[in-house]
Amino acid sequence: METPFQTAKLGKRPIIFLKKRIETFDFKVYTLFLFKIDPIVAKEEIIQYCRSYNADKLSNTTLYAFIFFDNEKYADFPKRAATYIYNTLEDSLAVQHIKAVYISNVINGFSKLFYYPTSYFFGHAEEHYYLDGLTKNIK
């Protein structure tokens, strides 16, 4: 499958695109991307990668999410349809290997990064908010 993620890198560490899923719910289109990253990747490297992504490539998408796993064996989409939110009981194996979740609303330009120093399952997220899309549209 052709993807803009094939040669992406986080600093000197590779980021490996694994798979994508598009879902429609309540007249909104959600696009989820799963990636494999090095378990010791720095939070700043993930932030830089996410904020540099050009969402213009996503036609008809309302919201997209990048979900970063430290082990591709456990990379899976959330069990609940049309959401980027994992349930720690239903998705117990996957959440133990999620390092970060980045969501971006294409309509209003708001984005948010949930970074997990240990994993989604074992700790609270450090949250970071951005209005990049909004400021790009003002120019």
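The following dialogue explains how to read strands and salt bridges in this predicted model.

User: Which way do the residues of strand S5 point, and are they buried or exposed?

Analyst: In a regular strand the side chains alternate between the two faces of the sheet. In S5, Leu-63, Ala-65, Ile-67 and Phe-69 point one way, while Tyr-64, Phe-66 and Phe-68 point the other way, and all are buried. Strand S5, residues 63-69, is accordingly described as mostly covered, with 7 of its 7 residues buried.

User: In what sense does S5 pair with strand S4, and in what sense with strand S6?

Analyst: S4, which spans residues 28-36, pairs with S5 in the parallel sense over 7 bridges. Here Tyr-30 has Leu-63 of S5 as its bridge partner. Strand S6, residues 98-105, pairs with S5 in the antiparallel sense, over 7 bridges. In this pairing, Phe-66 stands opposite Tyr-102 of S6.

User: What do S4, helix H1 and S5 make together?

Analyst: With helix H1 at residues 43-52, S4 and S5 make a right-handed β-α-β unit.

User: How many salt bridges does the structure hold, and how should each be read?

Analyst: Side chains of opposite charge can pair when their charged atoms come close. The structure holds 2 salt bridges. In one, the side chains of Arg-21 and Glu-23 meet at 2.7 Å, N to O. Arg-21 counts as partly exposed because its relative accessibility is 22%, whereas Glu-23 is buried, with a relative accessible area of 12%; the cut-off for buried is under 20%. In the other, the side chains of Lys-79 and Asp-76 meet at 3.4 Å, N to O. Asp-76 counts as partly exposed, at 29% relative accessibility.

Definitions and conventions
Residues are numbered from 1 along each chain as its sequence is written. This is a predicted model: local features need pLDDT of at least 70, side-chain atom pairs count only at pLDDT 80 or more; totals for chains, interfaces and linings use all residues. Side-chain values use heavy atoms; hydrogens and water are left out. A salt bridge is a side-chain nitrogen of Lys or Arg within 4 Å of a carboxyl oxygen of Asp or Glu. Buried means under 20% relative accessible area, exposed over 50%, partly exposed in between (1.4 Å probe, protein chains only). Helices (H or I, at least four residues) and strands (E, at least two) are DSSP runs, numbered from the N terminus. Two strands pair if DSSP finds at least two bridges between them. A crossover is right-handed if, with the strands pointing away from the viewer, the path from the first strand over the helix to the second runs clockwise.
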